[in-house]
Structure formats: structure tokens, C-alpha cells
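Subject: Structure for you to look at

Hello,

Here is the structure I said I would pass on. Please open it first, then read the notes below with it on screen.

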Amino acid sequence: EEIKEYLHTVDQVIIMTVEPGFGGQSFMNNQIKKIESISNYIKENNLNVNIEIDGGINYETGKICVNAGANILVAGSFLFQQQNLVTATNKLNDFFN
């Protein structure tokens, strides 16, 4: 809620879905409501602000975040564990279509 008054002054908001510090952590599901709330506020106020999600992103959580309103995903550890980086990246990108 505290960030909403500043959204008209920024181009992007980053929502951390893990505790910052190191890769490979589990996704914090309690952040989904935050994504939805910020996304709804941006839409209701016709703002041009990206919502970036950083942490615990995989095929399941990526889809959840995009459905909640995110338009940028950071998926470092997950992608580097995949056999084919291009295929994995494309599959995540498909959530935006």
C-alpha cells in the first residue's frame, strides 16, 4: 500500500518473491496478493509501470505471477538448471502471450 502514492513517478516496480540474498530459494506465495494489488492500481490509474518479479520463478510460479499482473520475470537459478536454456526461456515467455 505504501508504494502506491509513488507509482506515478516510476517506470518499474520490483517485487521480491524470496528473501534477498542468494539464489535457489523457494517462492513466497504470500507475495501474489501484492502483485495483484499493484497491478490493479496501475490499471485503475492508467499508469505505465512495469511489474518485475524476482525470486523463485519457474514454470508454475511464473505463470501465477503473470496471471496476477507481472510483465517481467527474473528466473536465474531456475533457467541455469535447465538442459536447454533457449527452450526454457521460450516456455516462460509464452506466459506473456
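Start at isoleucine 57. Leaving aside its neighbours within four places in sequence, isoleucine 57 is in contact with Phe27, Gly62, Cys65, Leu73, Val74, Ala75, Phe78 and Leu92. Please keep in mind that this is a predicted model.

Isoleucine 57 also belongs to the largest nonpolar core, which has 23 residues. Which of them touch the most other members? They are Ile35, Ile51, Ile53, Ile57 and Cys65. Two or more residues of this core come from each of these elements: strand E1 (12–16), H1, strand E2 (50–54), helix H2 (59–68), helix H3 (76–80) and helix H4 (85–93). H1 gives the largest share, four residues.

Helix H1 covers residues 32–44, and serine 39 is placed in it. Is serine 39 buried or exposed? Its relative accessibility is 3%, and buried means under 20%, so serine 39 counts as buried. Apart from neighbours within four places in sequence, serine 39 has contacts with Ile51, Ala68 and Gly69.

Next, the aromatic rings. The count comes to one aromatic pair, formed by tyrosine 59 and phenylalanine 78. The ring centres are 4.8 Å apart and the planes are at 85°. Planes over 60 degrees apart count as edge-to-face, so this pair is edge-to-face. Tyrosine 59 is in helix H2 and phenylalanine 78 is in helix H3, 19 residues apart, and the pair thus links distant parts of the chain.

The two partners differ in how they are covered: tyrosine 59 is partly exposed, with a relative accessible area of 24%, whereas phenylalanine 78, at 15% relative accessibility, counts as buried. Tyrosine 59 has a further partner, since lysine 91 lies over the face of its ring, at 4.2 Å from the ring centre. Phenylalanine 78 is also one of the contacts of isoleucine 57, where these notes began.

Two places where the chain comes back to itself can be checked on screen. Lysine 4 is in the segment before E1, and it is buried, with a relative accessible area of 14%. What is lysine 4 in contact with, leaving aside its neighbours within four places in sequence? The contacts are Ser37 and Tyr41. Lysine 4 and isoleucine 38 are 34 residues apart in sequence, and their C-alpha atoms are 7.3 Å apart in space.

The second place is glycine 24, in the loop between E1 and H1. Glycine 24 counts as exposed, at 61% relative accessibility. From C-alpha to C-alpha, glycine 24 and glycine 76 are 8.4 Å apart, with their positions 52 residues apart in sequence.

Last, the protein as a whole. There are four helices and three strands, and along the sequence they follow the pattern β-α-β-α-β-α-α. The radius of gyration is 14 Å, close to the 13 Å that the globule rule gives for 97 residues, so the protein is as compact as a globular protein of that length. Along the principal axes, the C-alpha atoms fill a box of roughly 40 × 30 × 20 Å.

Of the 97 residues, 34% are buried. Among contacts between residues at least 6 apart in sequence, 54% join residues at least 24 apart. The accessible surface comes to about 6300 Å², and 47% of this belongs to carbon and sulfur atoms.

Regards

Definitions and conventions. Residues are numbered from 1 along each chain as its sequence is written. This is a predicted model: local features need pLDDT of at least 70, side-chain atom pairs count only at pLDDT 80 or more; totals for chains, interfaces and linings use all residues. Side-chain values use heavy atoms; hydrogens and water are left out. Buried means under 20% relative accessible area, exposed over 50%, partly exposed in between (1.4 Å probe, protein chains only). Contact means heavy atoms within 4.5 Å. A nonpolar core is a set of buried Ala, Val, Leu, Ile, Met, Phe, Trp, Tyr and Cys residues joined through side-chain atoms within 4.5 Å. Rings of Phe, Tyr and Trp (its six-membered ring) pair if their centres lie within 6.5 Å; planes under 30 degrees apart count as stacked, over 60 as edge-to-face and the rest as tilted. A charge sits over a ring if NZ of Lys or CZ of Arg is within 6 Å of the ring centre and within 35 degrees of the ring normal. The radius of gyration is taken over C-alpha atoms; the globule rule is 2.2 Å times the number of residues to the power 0.38. Accessible areas come from the Shrake-Rupley method with a 1.4 Å probe; for residues, only the protein chains shown count as cover.
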